[in-house]
Structures are given as C-alpha cells and as structure tokens.
Amino acid sequence: AVLAFAAWRRFRRRFWLAASAVAIAYAVVWLWLWPIAVSPLFNDFEPLPPGPVRSEVLDLAESSGVDIGEVYSVDASRRSVALNAYVHGIGSSRRVVIYDNVLAEVPSRSLSALIAHELAHVESRDVYRGLAFAILVIPLGALAMQLGAAAIARRNSDRPDGPGIVLALALGLAVMSLLLSFPGNRLSREIEIRADYSALQVTDDPAALIALQRQIAASNLSDPDPPGAWHWLFGSHPTTLDRIGLAEAWKGGLPREEGSP
C-alpha cells in the first residue's frame, strides 16, 4: 500500500506505466527464480534417483525434443492428496517436478501420459506464451485500474493524491484481475487440450490418459462436468469429460497431424 501510494504521487498520470513495468518484471523474475528460490522454502525437492521412472522421463523428453534440466520429486503429499506434476522455470532454472504421491500411486503408463503432457508445454513454449499474454494485458489492466481509481476518488470528493486512493487502487486491481482472468482462462484451456493432444502423439496410449484423468479427478475432488457458464468463466483446464473425450476420439481415429484439436 505504501509503495502504491508513493508511486501514485510520484508518477501521477503515468502511474499505469510504472505499475505495468513492476508487474511485468515481477512475472519474469517469478518464472525464473520461483523454482529455485521460493518453492524450496515450502517443500523438499529431491533429485529423482536413477531408475525406471527417471529413465522414462528422460526418454519422453528425448522423444519430444525437449531439454528439461533436472528431474525432481517433491513431498507434496504432506499437504494434499492431489496428484500432479509440472515443468517450471525458464532457462537454467527449468525442471520437471513430480509429486511424491504420483510416484507412489499412479501406474507407469498413466505416469507417462502425465509427463508427456507436461513436456508438451515445454515443447510448445507455453510458458513464454503465457508471459507474452501477461505483457500484453498488464498495461491495459493497469490503465483501467488507474482511471477507475481516479474516478472513485473524484466521486467521493477525496483528494486525488490522498491516501484514500490506495483503497480505490485495491478495488480496481481486484476487478481487473477478475475480468482479465476470463480471456486468460480461455487461453489456458486451449493450451491444456493441445498438450493432451501432443501427449497422445508421443505415447499413442489413450487408455492411459483416460485412466489418468479419472484418477486425478477422484483424488483432486474435481467436478468432471461442471456447469458450462461457470467453467467458461473460471475453468483454467478442460473438464475431465472433455479430456476423456479427446482420448476416446483418438481411439476412434482422430487425425494425428499437428493442430487437429
């Protein structure tokens, strides 16, 4: 709040430019440093020892043409029963991370489908797409937040450079974050379904993807078919039924060339 107030008084009509620069810089630093500087503060990460799982991950990475850096397991089960794996970081900080309960509970074929999906994000440079989307929409959101905050201050007869502007900025940030999440979720859903499609191209094992989606939905307590309007607004991933439907279509002869979904 203090920093926002100081920036508002310092930059005035150019506040949105300063706010945009800070937000974009934060996004880049978050992508680079989070896996190696922040995540280890909350969980224990251990390099995956040599064995079948590590070999499978490396083989899938080679098949996908992806440089993944190191492969880690994380003790996620001490906080949650959710099943997941992810690839995070950019450049030298990139790593594959697999939840320990995935290693303990997910069959090898389904694990391969999960890892192939995550590697597809790297192969398609989805992290950079997400960053590019943020760079495009952050200035728009910051400008709208500035205009809204100024309008609120004028409507309530507050000093336009008084401390009350902090509350108006907070409201503007909340509203713009919500509104910008809608196109962001749409982009995320398209990216996720394409990653599923790429995983099928690599593994050619739709049964494993179907089993994986059922197991994830059960362990994560997900609604496999949420209300359409709610999912359109807030869903960051395709529904479980949509993802199973893609695998069923693959079994039925879905075209194998890139860009078919």
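**Entry 1: cavities.** I took a cavity to be a set of grid points where a 1.4 Å probe fits but cannot get out. The model I searched is a predicted one. With that rule, I counted one cavity of 30 Å³ or more. I noted a volume of about 80 Å³ for the largest cavity.

I then listed the residues that line the largest cavity: V87, G89, I90, R94, H121, V122, R125, D126, V127 and Y128. By class, I recorded five nonpolar, two polar and three charged residues in this lining. Next I asked which helices each supply at least two residues of the lining. They are α5 and α6, the latter spanning residues 126-155. The greatest contribution, three residues, comes from α6.

**Entry 2: strand β4.** I turned to β4, residues 95-99, and asked how many of its residues are buried. Five of its five residues are buried, and I entered the strand as mostly covered. I also checked the two faces of β4 separately. R95, V97 and Y99 lie on one side, V96 and I98 on the other, and all are buried.

For the partners of β4, I looked up the bridges. Strand β2, residues 70-74, pairs with β4 in the parallel sense over five bridges. In this pairing I found V74 opposite Y99. Strand β3, residues 85-88, runs antiparallel to β4 and is joined to it by four bridges. There I found V87 opposite V96. I noted that V87 is also among the residues lining the largest cavity.

**Entry 3: nonpolar cores.** In soluble globular proteins, nonpolar side chains tend to be buried together. I therefore looked for such groups, and the largest nonpolar core came to 38 residues. I68, V96, I98, V102, I115 and L119 have the most contacts inside this core. The elements that give two or more residues to the core are β2, β3, β4, α3 (52-64), α5 (108-123), α7 (165-203), α8 (206-219) and α10 (240-251). I recorded α5 as the source of the largest share, six residues.

I followed L119 further, setting aside its neighbours within four places in sequence. L119 is in contact with V57, L60, A61, S64, V66, I68, V87 and V96. V87 and V96 thus appear in my notes twice, as contacts of L119 and as residues that stand opposite each other in the pairing of β3 with β4.

Lastly, I registered a second, separate core of 11 residues. Among its members are A7, A149, V166 and L169.

Notes. Residues are numbered from 1 along each chain as its sequence is written. This is a predicted model: local features need pLDDT of at least 70, side-chain atom pairs count only at pLDDT 80 or more; totals for chains, interfaces and linings use all residues. Side-chain values use heavy atoms; hydrogens and water are left out. Buried means under 20% relative accessible area, exposed over 50%, partly exposed in between (1.4 Å probe, protein chains only). Two strands pair if DSSP finds at least two bridges between them. A nonpolar core is a set of buried Ala, Val, Leu, Ile, Met, Phe, Trp, Tyr and Cys residues joined through side-chain atoms within 4.5 Å. Contact means heavy atoms within 4.5 Å. On a 1 Å grid over the protein atoms alone, a cavity is a set of points where a 1.4 Å probe fits but cannot get out, and a pocket is an open set with protein on both sides within 12 Å along at least five of seven lines; lining residues have an atom within 4 Å of a point. Grid points are joined across faces, edges and corners, and a volume is the space filled by probe spheres set on the points. Ala, Val, Leu, Ile, Met, Phe, Trp, Tyr, Cys and Pro count as nonpolar, Asp, Glu, Lys and Arg as charged, and the others, Gly among them, as polar.
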